[in-house]
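Grab your viewer and a scratchpad. Here are a few exercises to work through by hand before you check the solutions.

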Amino acid sequence: MASGVAVKPECVTIFNDIKLGHKFRYIVYSLTDDLTHIRVLKTAALDASYDNFIEDFKEAEDQRQCRYGIFDAEYQLSDGQQRSKLVFFLWSPENATIKQKMVYTTSKDALKKCLRGIGTEVQANDYGDLAWTNVLEKLLRGEVAH
């Protein structure tokens, strides 16, 4: 809570639902309007896609806001093995307000500390950063390091 922003307990509960039970494809987190708490804004059913996830980030961009997200990424290794990892996203679009960017960036670690079991992290400022090929590259890079 270094930034003074608290993480609502529901953030951890829903995260554990995706981590342990694979109940959702993704979670979108936002700050409350008064910028004092991180809350769950949305969860998506298992049939949701990565494109749906990006659409939710686009809605935030349209409002000049940032977002956090967790995406349950499924991918395949070069030897054909299926893998699944939870990817943490900080979406800080170029057009977001300075205050949004500042508070989201300084509060990121408070949220991440509560969410144990994140596989990798993506900090994105534009759609190129969010491209699935970039996310997959990051996931595969993590596999090589093990």
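The exercises below use a predicted model and go from one helix to the sheet.

**Exercise 1. Check the length of helix α2 (residues 50–62) against the expected rise per residue.**

Solution.
- Start with the count: α2 has 13 residues, and the rise is 1.5 Å a residue.
- That gives an expected span of 18 Å, since the span is 1.5 Å times one less than the number of residues.
- Now compare with the model: the end C-alpha atoms of α2 are 19 Å apart, which agrees.

**Exercise 2. Work out how the buried residues of α2 are arranged around its axis.**

Solution.
- List what's buried, taking under 20% relative accessible area as the cut-off: Tyr 50, Phe 53, Ile 54, Asp 56, Phe 57, Ala 60 and Glu 61.
- Look down the axis of α2: these buried residues fall within an arc of 155°, so they line one face of the helix.
- Flip to the face turned away from that buried side, and you meet exposed Asp 51 and Asp 62.
- Then look at what α2 lies across: β2, β3, β4 and β5, with the helix running at about 165° to β4.

**Exercise 3. Inspect the two ends of α2.**

Solution.
- At the start of α2, a side-chain oxygen of Ser 49 comes to within 3.3 Å of the backbone nitrogen of Asp 51.
- Just after the helix, Arg 64 has a positive phi of about 60°.

**Exercise 4. Trace the strand order of the open sheet and find its edges.**

Solution.
- The six strands go β1-β3-β2-β4-β5-β6, and the pairing is mixed.
- β1 (6–7) and β6 (120–124) are the edges: each has a single partner strand, so one side of each has no neighbour in the sheet.
- Helix α1 (residues 9–21) packs on the sheet too, touching β1, β2, β3, β4 (67–76) and β5 (82–91), and its direction makes about 35° with that of β3.

**Exercise 5. Follow the antiparallel pairings of β2 and β4.**

Solution.
- β2 (residues 26–31) pairs with β3 (residues 37–44) through six bridges; Ser 30 has Arg 39 as its bridge partner in β3.
- β2 also joins β4, through four bridges, with Gly 69 in β4 as the partner of Val 28.
- β4 and β5 are joined by 10 bridges, and Gln 76 stands opposite Gln 82 in β5.
- The hairpin of β4 and β5 has five residues between the strands, and its Gly 80 takes a positive phi near 95°.
- Finally, tally burial: eight of the 10 residues of β4 are buried, so β4 is largely enclosed by the rest of the structure.

Conventions. Residues are numbered from 1 along each chain as its sequence is written. This is a predicted model: local features need pLDDT of at least 70, side-chain atom pairs count only at pLDDT 80 or more; totals for chains, interfaces and linings use all residues. Side-chain values use heavy atoms; hydrogens and water are left out. Buried means under 20% relative accessible area, exposed over 50%, partly exposed in between (1.4 Å probe, protein chains only). The arc is that of the directions from the helix axis to the C-beta atoms. A polar contact is a pair of N or O atoms within 3.5 Å; within protein, one must be able to donate a hydrogen and the other to accept it, and residues adjacent in sequence count only if both atoms are side-chain atoms. Two strands pair if DSSP finds at least two bridges between them. Contact means heavy atoms within 4.5 Å. Axes are lines fitted to C-alpha atoms, for helices over the stretch in contact, and angles run from 0 to 180 degrees between N-to-C directions.
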